[in-house]
Structures are given as structure tokens and as C-alpha cells.
Amino acid sequence: MSEESFADRDGWIWLNGQLVAWRDAKVHMLTHTLHYGLGVFEGVRAYATPKGSCIFRLHDHTDRLFDSAHILGIEIPYSKDEVNEAQRETFRANELDEGYLRPMVFLGSEAMGLRAKGVSINLSIATWPWPDYMDADSREKGIKVRTSSYTRHHVNITMCKAKANGNYINSILALHEALDSGCDEALLLDNEGYVAEGSGENVFIVRDGVLHTPELTSCLDGITRSTVLALAKDEGLDIIERRITRDEVYICDEAFFTGTAAEVLPIRDLDGRTIGDGRRGPITGRLQTLYFDQVRGRRNVYPDWLSQV
């Protein structure tokens, strides 16, 4: 990642219906979401394909943005079609071949306080080049993970199906703890001690050729997760969504994370226990290859997953 500040760049950010010069896309210090965390966002990726730059599963990400807002009682003042086109427009304006898009819905500075009444609802969209979440070596050899001391949100403490700004304090604490201990990522358990997800990823394990992943209780319904499930089904893999214990991960044959940033990322070690052979396993490798072929337009299936910009 460049040392260049995110606030000091050339380019354009879409803000409330118009493209604004990157350095001029600012909000007031009393912006409600800055103080209380009530807002929703998406992480979206665009890839270079033989047909040009395409945003991967654009419509699904926008659907989830609207679902998140609805869960939190926020009414987005644009249609889904308008938000989809705004993301295309922003990507084109920044003249990128590949990159990350961040649409965010946030509350304005017209009023303060927990009532969150009388405040405007704003939409911003930024896009920028995003390097791989981990280096290429990690995609093959896998990453080192530790179980977090921080519990994943309970479903009645916060709204786990909303990709909400404030929810990610939990993830930041867990990730910092993992990094400080010499690991690459964190694995969070739910309030009953079952495996939930990573700091920003869903998790899968492989045991005896069967793919297992936590059921969607306290987990975010990941779009990369659903992509991998579809690819696994096409490969004829047996798939079980269920509660998974931490010690099951220790003795599984393979494990990996999925997410828009992480893509498909093998786990080689959890809490000092080697997973399988200590590197990417064959099923993880196959799903990883299928995923990259899919997002880069090298497969003819699921053409609606790629939206040209």
C-alpha cells in the first residue's frame, strides 16, 4: 500500500449525486455517523476482464447495502439502479482497470444525540486501487490465525446482518490483537463459543472431502461466501452449514477465509496448531482457482455476476 494519504489524492468521489474532486470530498466534524457509528457501507471490487473492467456482483452488493440500511431504519434517498450507476460512474471517472469501491450511507451534521432525528441521509462512493489483502505467497502457503479473546456480536446486541459502520470496532480490536501476537488474522467465536467468522471474512473448513461453514446466525451473509458455495456446488462438493467448534478447526484437513478483500485465503495455522499439511489444500486450491477465473471473466457461467463499467 502506498504511503500516500487517503485524504490527499487525485481523483473523484461521488457525493450526494455529483462527482466531487477527491480532496474536496469532506464532511463536518459534527457529522452524526462520525460520533455514533450509525451508517452502512459495502466493500465492492472491480476486476479487469477480457471484456473490460467489470464490477463483481454489483447488484448483490447494492441489495445488501439497502438491506443493511433497512435493518437500521435508514431510508436511502436513491434507487438501487441509481446507486449501481453511480458506482460505475465513479469507477470510470477515476480511470481504473481494477479497484475497490466503497459506497457508504451516513447521517449528516444537522443534529446530534442518540435520537438521530432531523439529520440528512447521505451517500458517498469512493474507489481506489486495492492491492491483494495478503501477498501472493500467502495465497499458496496460507496465513497464521489466532482465536480472538473478543466475542463476535450477539444477534440481539447489534444487528449482525447489517454491514454497519459501528459493528467493525469489534473486528478492529480482534485484528489488532492477532497482529500484536504475530498472527495475520483473527478468528472470532460467537457468544456460545462456536466459530463465527474472521475480522472481515467468512470461514470454511474441509473434512474428509466435505465443505463445512458456520450457519448464518451471528455471521454476515458474505457475498464471496455465497459465490464459493455456488462454485463448490458446481464441483459436486458436499456442503454442510452448521455450528463448528474451535477444536474442529484444529483437526480439519483444510481451512480458508473468504471475503471481498481476502478473496479465497488459506489458513495454515490456528492457535499454534498446523492445519492439515500446513499449506493450501487441494479443495481450497481448486475453489481459489475457480474464484479468480470467475471474477476475471475467464468462465462463461454466472455472466450476471459481472457488470461492465
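This section describes one helix pair, two residues in its surroundings and two loop residues with positive phi in a predicted model.

In the packing of helix H6 (residues 223-234) against H8, the axes lie 10 Å apart and meet at an angle of about 110°. Because angles of 65 to 115 degrees count as roughly perpendicular, H6 and H8 are assigned to that class, and H6 passes H8 in a right-handed crossing. By class, six nonpolar and three polar residues make up the contact of H6 with H8, whereas charged residues are absent from it. On the side of H6 the participants are Thr224, Thr227, Val228, Leu231 and Ala232, and these meet Leu287, Leu290, Tyr291 and Gln294 in H8.

Two of the residues named in this helix contact, Thr224 and Tyr291, also appear among the contacts of Glu263, a residue of strand E15 (residues 263-270). Glu263 has a relative accessibility of 1% and therefore counts as buried. A polar contact of 3.0 Å joins the side chain of Glu263 to the side chain of Arg139. When neighbours within four places in sequence are left aside, the residues in contact with Glu263 include, besides Arg139, the charged residues Arg45 and Asp132, together with Tyr47, Phe257, Thr258 and Phe292.

Helix H8 also contains Val295, which has a relative accessible area of 0% and is therefore buried. Tyr47, already listed among the contacts of Glu263, is likewise in contact with Val295, as are Thr49, Phe56 and Leu306, again leaving aside neighbours within four places in sequence. Val295 and Cys54 are separated by 241 residues in sequence, while their C-alpha atoms are 8.4 Å apart in space.

Positive phi values in residues other than glycine were computed for Arg57 and for Tyr302, with phi near 50° in Arg57 and near 50° in Tyr302. Arg57 is placed in the loop between strand E5 (52-56) and helix H2 (58-71), whereas Tyr302 belongs to the loop that runs between helix H8 (282-295) and strand E17 (306-308). As regards accessibility, the threshold for burial is a relative accessible area under 20%, so Arg57, at 10%, counts as buried, while Tyr302, at 25%, counts as partly exposed. The loop containing Tyr302 thus follows helix H8 in the naming of its flanking elements, and Leu306, a contact of Val295, falls within the range given for strand E17 (306-308).

How values were computed. Residues numbered from 1 in each chain as written. Predicted model: local features only at pLDDT ≥ 70, side-chain atom pairs only at ≥ 80, totals over all residues. Heavy atoms only, no water. Helix = DSSP H or I, 4+ residues; strand = E, 2+ residues; numbered from the N terminus. Buried < 20%, exposed > 50% of the residue type's maximum accessible area, 1.4 Å probe, protein only. Axes fitted to C-alpha atoms, helices over the stretch in contact; angles between N-to-C directions. Parallel < 35°, antiparallel > 145°, perpendicular 65-115°, else oblique. Left-handed = near helix turned anticlockwise from the far one by under 90°. Contact = heavy atoms within 4.5 Å. Polar contact = N/O pair within 3.5 Å; in protein donor to acceptor, adjacent residues only side chain to side chain.
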